[in-house]
Amino acid sequence: MSKLYTADDVCIHNKRSDIWVVIHNKVYDITKFLEEHPGGEDVLLENAGLDATMNFDDIGHSDDARTLLKNFYIGDLSGAPPTKSTESHTLKQDNNPSMAQGVAVFAVALVGFAAYMYFN
Ligand code: HEM
């Protein structure tokens, strides 16, 4: 069985040194192909970590190009395709307030409450 990847798995591979794209619900690691792409690397970088299906089809890639894809196939997409908002959603998860921050907020609230009680 082929390996399954979610949108979250795909969207973190969004840089020149590590680039995946989704085309027709299949996941491709095109890191090694970047410099060889006849259409240039910029268009690939714009689709890094995203669903490139529409862009890929719109260009009208040849059958050769479609055959080439097989070399980069690493698995199938499970669930909804990655979008720009999956990217920011994943980044937000990385920036989640830590436990320490939560405790600090609680402590400040507690001191505030104590002061309020003291002065009343
Ligand atoms: C990721 C897998 C991709 C593969 C394997 C691939 C492969 C190829 C190949 C072999 C060509 C030469 C023409 C042809 O045979 O059709 C080509 C051209 C081109 N590709 Fe891709 N491509 C990929 C993705 C993309 C994406 C996502 C875009 C656009 C966002 C794109 C934009 C272009 C453009 C604009 C050309 C035309 C270059 C020209 O004729 O001057 N490609 N691609």
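**Strands 2 and 3.** I looked up the pairing of strand 2 and strand 3 first and found an antiparallel pair with two bridges, where two strands count as paired if DSSP finds at least two bridges between them. Strands here are DSSP runs of E with at least two residues, helices are runs of H or I with at least four residues, and both are numbered from the N terminus. In this pair, Asn14 stands opposite Ile19 of strand 3. The connection from strand 2 to strand 3 is a hairpin of two residues.

**Provenance.** I note that this is a predicted model, in which local features need pLDDT of at least 70 and side-chain atom pairs count only at pLDDT 80 or more, while totals for chains, interfaces and linings use all residues. Residues are numbered from 1 along each chain as its sequence is written, and side-chain values use heavy atoms, with hydrogens and water left out.

**Overall layout.** I listed the elements and got six helices and five strands. Read from the N terminus, their order is β-α-β-β-β-α-α-α-β-α-α. The chain has 120 residues, of which 28% count as buried. Buried means under 20% relative accessible area, exposed means over 50%, and partly exposed lies in between, with a 1.4 Å probe and protein chains only as cover.

**Strands 3, 4 and 5.** I then followed the pairing onward from strand 3. Strand 3 (residues 18–23) runs antiparallel to strand 4 (residues 26–29), with four bridges between them. Among the bridge partners, Ile23 is matched with Lys26 and Val22 with Val27. I also checked burial along strand 3: five of its six residues are buried, leaving the strand mostly covered. On strand 4 I looked for a second neighbour and found strand 5 (residues 73–77), again antiparallel, with three bridges. Val27 has Gly75 of strand 5 as a bridge partner, and Val27 is also the partner of Val22.

**The turn between strands 3 and 4.** Which residues here have a positive phi without being glycine? I found His24, with a phi of about 50°, and Asn25, with a phi of about 65°. The hairpin of strand 3 and strand 4 has two residues between the strands. His24 lies in this loop, and so does Asn25. His24 is partly exposed because its relative accessible area is 44%. Asn25 is at 46% and therefore counts as partly exposed too.

**Salt bridges.** How many salt bridges does a search of the whole structure find? I got two, taking a salt bridge as a side-chain nitrogen of Lys or Arg within 4 Å of a carboxyl oxygen of Asp or Glu. One joins Glu41 to Arg16, with the closest N and O atoms 2.5 Å apart. This pair links distant parts of the chain, since Glu41 sits in helix 2 (residues 41–46) and Arg16 in the loop between strand 2 (14–15) and strand 3, 25 residues apart. Glu41 has a relative accessible area of 21% and so is partly exposed; Arg16 is partly exposed at 46%. The other salt bridge joins Asp57 to Arg66, with the closest N and O atoms 3.7 Å apart. Asp57 has 28% relative accessibility, so it counts as partly exposed. Arg66 counts as partly exposed at 33%.

**Ligand surroundings.** I counted the residues around the ligand and got 19, the closest being His37, Pro38, Asn47, His61 and Ser62; a residue counts if one of its heavy atoms lies within 4 Å. I then looked at polar contacts, meaning pairs of N or O atoms within 3.5 Å; within protein, one atom must be able to donate a hydrogen and the other to accept it, and residues adjacent in sequence count only if both atoms are side-chain atoms. His37 has a polar side-chain atom 2.8 Å from a nitrogen atom of the ligand. For His61, a polar side-chain atom is also 2.8 Å from a ligand nitrogen atom. Ser62 places a polar side-chain atom 2.4 Å from an oxygen atom of the ligand.

**Surface patch.** Last, I looked up nonpolar surface and found a patch of Phe113, Tyr116 and Met117, with about 370 Å² of accessible area together. Areas come from the Shrake-Rupley method with a 1.4 Å probe, and for residues only the protein chains shown count as cover. Patch residues have over 30% relative accessible area and no salt bridge, with like charges joined within 9 Å and nonpolar side chains (Val, Leu, Ile, Met, Phe, Trp, Tyr) within 5 Å. Met117 belongs to helix 6 (residues 99–119). Met117 counts as partly exposed because its relative accessibility is 48%.
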